[in-house]
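Student: Could you walk me through this structure, one question at a time? I have the sequence and the 3D view ready.

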Amino acid sequence: ETIILILASAVNCVHLTEMLKGMYMFAAWVHGDPRKVIYPTDSYGQFCGQKDTLNENKTILFYFNILKCASPVVLINLQCPTTQLCVSKCPDRFATYIDVQASYRYKPDQWNYFRQFCKPGFNNPRKSVAQVLRDEDCPSMIIPSRPFLKRCFPDFSTKNGVLTVANQTTFKDGRGKTRNVTDLREAANGINNVLDARSVGMKIFEDYAISWYWILIGLFIAMIVSLLFLVLLRFTAGVLFWIFIFGVIGIIGYGIWHCYWEYDHLKGIPGSDLTVYDIGFQTDFRVYLQLRQTWLAFMIMLCVIEVIIILMLIFLRNRIRIAIALLKEGSRAIGYIMSTLFYPIVTFILIAICISYWAVTAVFLATSGEPVYKVMANQTLCKYANLTCDPETFNRTNVTKLCPGAQCTFAFYGGESLYHKYIFIFQLANAFVFLWLVNFAIALGQCTLAGAFASYYWASRKPADIPLWPLFSSFGRAIRYHTGSLAFGALILAIVQLIRVILEYLDHKLKGTQNSFTRFLLCCLKCCFWCLEKFLKFINRNAYIMIAIYGKNFCTSAKEAFFLLMRNVVRVAVLDKVTDFLLFLGKILVAGGVGVLAFFFFTQRIPVFAQEAPTLNYYWVPLLTVIIGSYLVAHGFFSVYAMCVDTLFLCFCEDLERNDGSTAKPYFMSASLHRILGKKELSPKKAVG
C-alpha cells in the first residue's frame with residue numbers, strides 16, 4: 001500500500017506539473033510579444049521598423065539629447081530621459097535648431113533635412129525656439145551618428161590621440177553654447193568600447209566566413225580519430241593503462257631518489273639540521289627547502305604513496321584485469337553495433353529543441369508586460385516627474401500647467417496586474433520544465449544505448465545472435481514501454497537541479513549581506529544538493545540500464561541496480577577510475593592532436609598547404625573552435641563508449657549472480673572474461689539445502 005501511495009503521489013505530481021506547464025505557456029504566448037526585443041520602441045510606445053505601420057521604413061531609434069544618456073546600457077534599456085523617435089537614418093552632420101530656424105527662408109533644404117528628426121507632423125519653423133525646446137518638438141542639436149543596435153550613436157573617433165566627432169573637437173549644443181567633445185567623455189568611453197567590440201566581432205565573423213569549411217574538415221578528422229581510438233582500445237586498453245601505472249610508479253620512485261639526494265646533499269651544511277618548528281612560519285617557501293627535515297618529510301610521503309599504489313596493484317590486480325577486459329569488450333560491442341556512435345546526434349537535436357522551447361517561452365514571458373508611460377519634465381523640481389501617466393488623457397490634466405514642457409513618454413514594459421506579479425514564478429516553472437525535458441532526453445539516450453548493448457551481452461553466440469537493428473529496437477522499446485519511468489527519473493533530478501538554481505539565485509541576492517550564518521547555511525545547502533545531484537545521476541544512469549534489461553519500473557530498477565553495485569563496490573570503483581582515465585586520455589589525445597594540426601595549418605607552417613591556408617585576422621578563432629569542437633566530438637563518441645562499459649558491467653554482475661557456468665546455467669560473458677575469472681569462480685555453485 002505504501003508503494004502504491006508513493007506511485008500515486010508521483011503520478012499526481014506529474015499531472016500537476018503538466019498543468020503548471022500548460023498554464024504558464026498559455027499566459028506567455030497570449031501576453032508575450034517578442035517584437036519588444038526585436039524592435040526599438042520610441043517615446044510613444046511604437047516599434048521602429050515594424051511592417052504595416054507608419055514606422056515601417058523608420059528602423060532606427062534617435063535620441064533628442066544624447067548628453068542625457070550617460071552610457072550605452074541606458075540607451076539599450078530604453079530609459080534615457082529624453083524624447084526618442086524612429087527615423088530612417090541617423091544624422092550625418094552638425095546642426096542646431098537655432099541656426100536652421102534662422103536660415104530656413106533662404107536655405108529650405110537645411111530645414112527639410114533637420115525636421116525629419118523632429119516629432120512627426122511638426123513643420124512650424126516660426127515657433128519660438130524657447131517653446132520648441134520646452135515642448136521638445138525638435139532636438140536642440142543633431143550630431144553625426146551611425147546606427148548600432150538599431151540606435152543612433154555619436155560617430156566617435158580618435159585623431160592623434162584626441163577624441164573627435166566627425167573630425168571636430170567642438171560642437172554647438174543648440175542652447176547658445178559651444179561645447180568640447182570631451183563633455184561626452186563618459187558616454188564616449190562606453191560607446192567606444194561597444195564599437196571596438198563591434199569591430200572585433202566583425203573581424204571574428206570574417207574569420208569564420210573564410211575558414212568555416214576548414215573547421216568542418218578539422219571536426220571530421222576529430223570524428224575519424226575518435227572512432228579509431230575506440231576501435232584500437234580493444235587492443236591497446238591494457239597497454240595504455242599499464243604504461244600509465246608504471247609511469248606513475250617510476251615518477252614517484254624518481255621523486256623518492258631526488259628527495260634522498262637532497263637530504264644527503266644538505267648533510268653538514270650549517271643550519272640545515274634546524275626543524276620547521278625552529279624557524280617558524282616563513283612566507284618564502286624556499287627557506288624550507290634548505291632544511292633536511294623538509295626533504296625527509298617529502299621522501300616519507302612519497303614512499304607511503306608508492307607503497308599504497310603497489311599494494312593496490314597487488315590486491316586489485318584481478319579486478320583491474322576484469323576492468324580492462326570489459327573495456328576491450330566494450331570496444332568489441334561498439335564494433336558490432338556501429339550505429340550507436342551516431343546516436344548522440346539524436347540527443348543533441350532533442351536538447352536543441354528543448355533549449356529553443358525554453359528560450360522562446362522565456363522571451364515571451366519577459367516581453368509580456370504592457371507599455372508604462374511616465375512624466376518626463378525639464379524642470380528638476382516638478383513633483384510629477386517620473387510618475388506614471390496616460391498619454392491619451394495627459395494633455396487634459398494640469399501637469400502641463402504646473403510643469404511647462406512636461407511630456408508623457410514611454411518608459412518601459414511592465415504592469416501591476418496579478419499576472420505581471422507572478423511572471424518570476426512562471427519563469428521558474430519554465431526553467432523547471434526545461435530541466436525536466438533535457439534530463440528526459442538524456443535518459444532516453446541512456447536507456448536506448450543500454451538496451452542495444454545489453455542485447456549484445458546476452459547473445460549466446462556473438463555476433464550471430466545479436467538481433468537485427470538493435471539500436472532502433474531499443475529506441476522503440478524505450479518510447480513504447482519506458483517513457484513513464486524515464487520521465488519519473490528525470491523529474492526527480494530536475495527538482496534537485498531547480499533547488500540548486502534557486503539556491504544560486506539566493507546566494508547572488510544575498511552576496512552583499514554581512515550575516516555569516518546565512519552565508520554558511522547557503523554554502524552547506526549548495527554543497528549538499530550538489531552531492532545529491534551527482535548521486536542521483538549515478539543512480540538514474542544505472543536504473544535506466546536495469547530498465548532496458550528487465551523492463552521494470554524506475555523505483556524497482558533503481559533499487560536493484562543500487563544493491564547490485566553495492567555487492568560489487570570494489571569492482572565499481574576500479575572500473576570507474578580505469579574507464580575515466582582512458583577516456584580522459586582519449587579526449588586529450590583527440591583534441592590536442594587535432595588542435596596541433598590546426599595550429600600548424602592556420603599559421604601556414606605546413607609547406608604543402610601553405611597556399612591553401614586562409615589569411616585570418618585572428619588565427620586563434622578557428623583554432624579554438626576546432627579544439628573545443630574536437631573535444632565535444634570526442635566526448636560524444638566516448639559517452640557512448642562509457643555507457644557501453646557501464647551496461648556490460650551491470651550485465652556482467654548479473655551474469656555472475658544468475659548463472660554458475662554449468663551446462664544448465666552457462667555464463668554469457670566472453671571467453672576473455674572466462675579466463676580472467678578462473679576455474680574457481682566458474683565452477684558450478686552447490687545447491688543449498
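Tutor: Gladly! One term first: a contact means heavy atoms within 4.5 Å. Please keep in mind that this is a predicted model, where local features need pLDDT of at least 70 and side-chain atom pairs count only at pLDDT 80 or more, while totals for chains, interfaces and linings use all residues. Residues are numbered from 1 along each chain as its sequence is written, and side-chain values use heavy atoms, with hydrogens and water left out.

Student: Leaving aside neighbours within four places in sequence, with which residues is Phe 453 in contact?

Tutor: We skip the neighbours within four places in sequence and look at the rest. One group of partners is Ala 333, Ile 334, Ile 337 and Thr 340. The list is completed by Val 640, Cys 644, Thr 647 and Leu 648.

Student: Which residues touch the most other members of the largest nonpolar core?

Tutor: A nonpolar core is a set of buried Ala, Val, Leu, Ile, Met, Phe, Trp, Tyr and Cys residues joined through side-chain atoms within 4.5 Å. Buried means under 20% relative accessible area, exposed means over 50%, and partly exposed is in between (1.4 Å probe, protein chains only). The largest core has 94 residues, and those touching the most other members are Leu 326, Phe 453, Phe 638, Tyr 641 and Phe 652.

Student: Which helix gives the most to this core?

Tutor: Helices (H or I, at least four residues) and strands (E, at least two) are DSSP runs, numbered from the N terminus. The top contributor gives 18 residues and covers residues 620-658. That is helix 20.

Student: How many residues are in the second, separate core?

Tutor: Among its members are Phe 64, Trp 111, Ile 142 and Cys 152. This second core is separate and has 22 residues.

Student: How many helices and strands does the chain have?

Tutor: The chain has 689 residues, of which 42% count as buried. Its secondary structure comes to 21 helices and 12 strands.

Student: How far does helix 10 reach from its first C-alpha to its last?

Tutor: Helix 10 has 20 residues, 317-336. The expected span of a helix is 1.5 Å times one less than its number of residues, and here the expected value is 28 Å. Its buried residues include Leu 326, Ala 333 and Ile 334. From first C-alpha to last, the reach is close to expectation, at 29 Å.

Student: How far apart are the end C-alpha atoms of residues 433-458?

Tutor: An unreviewed UniProt entry lists residues 433-458 among its "transmembrane region" spans; such positions are given in the numbering used here, feature names are shortened, and annotations may be inferred rather than shown by experiment. In the model, this span is 96% helix and 0% strand. Its end C-alpha atoms are apart by 37 Å.

Student: And what percentage of residues 581-602 is helix?

Tutor: That span is also among those the UniProt entry lists. Its end C-alpha atoms lie 31 Å apart, and strand makes up 0%. The helix share is 100%.

Student: How many residues apart are Cys 48 and Cys 86?

Tutor: A disulfide is a pair of cysteine sulfur atoms within 2.5 Å, and the structure holds 4 of them. Cys 48 and Cys 86 form one, with sulfur atoms 1.9 Å apart. Cys 48 is in the loop between helix 2 and strand 1, while Cys 86 is in strand 2; the pair links parts of the chain at a separation of 38 residues.

Student: Is the link of Cys 90 and Cys 152 left-handed or right-handed?

Tutor: A disulfide joins Cys 90 to Cys 152, with 2.2 Å from S to S. Both residues are buried. With -95 degrees about the S-S bond, the link of Cys 90 and Cys 152 is left-handed.

Student: Why is the disulfide of Cys 118 and Cys 138 called right-handed?

Tutor: The S to S distance of Cys 118 and Cys 138 is 1.9 Å. The disulfide is right-handed because the torsion about its S-S bond is about 110 degrees.

Student: Why does Cys 644 have no bond to Cys 651?

Tutor: Cys 644 is buried, with a relative accessible area of 0%. Cys 651 holds the closest cysteine sulfur, but the two sulfurs are too far apart for a bond, because the distance is 9.5 Å.
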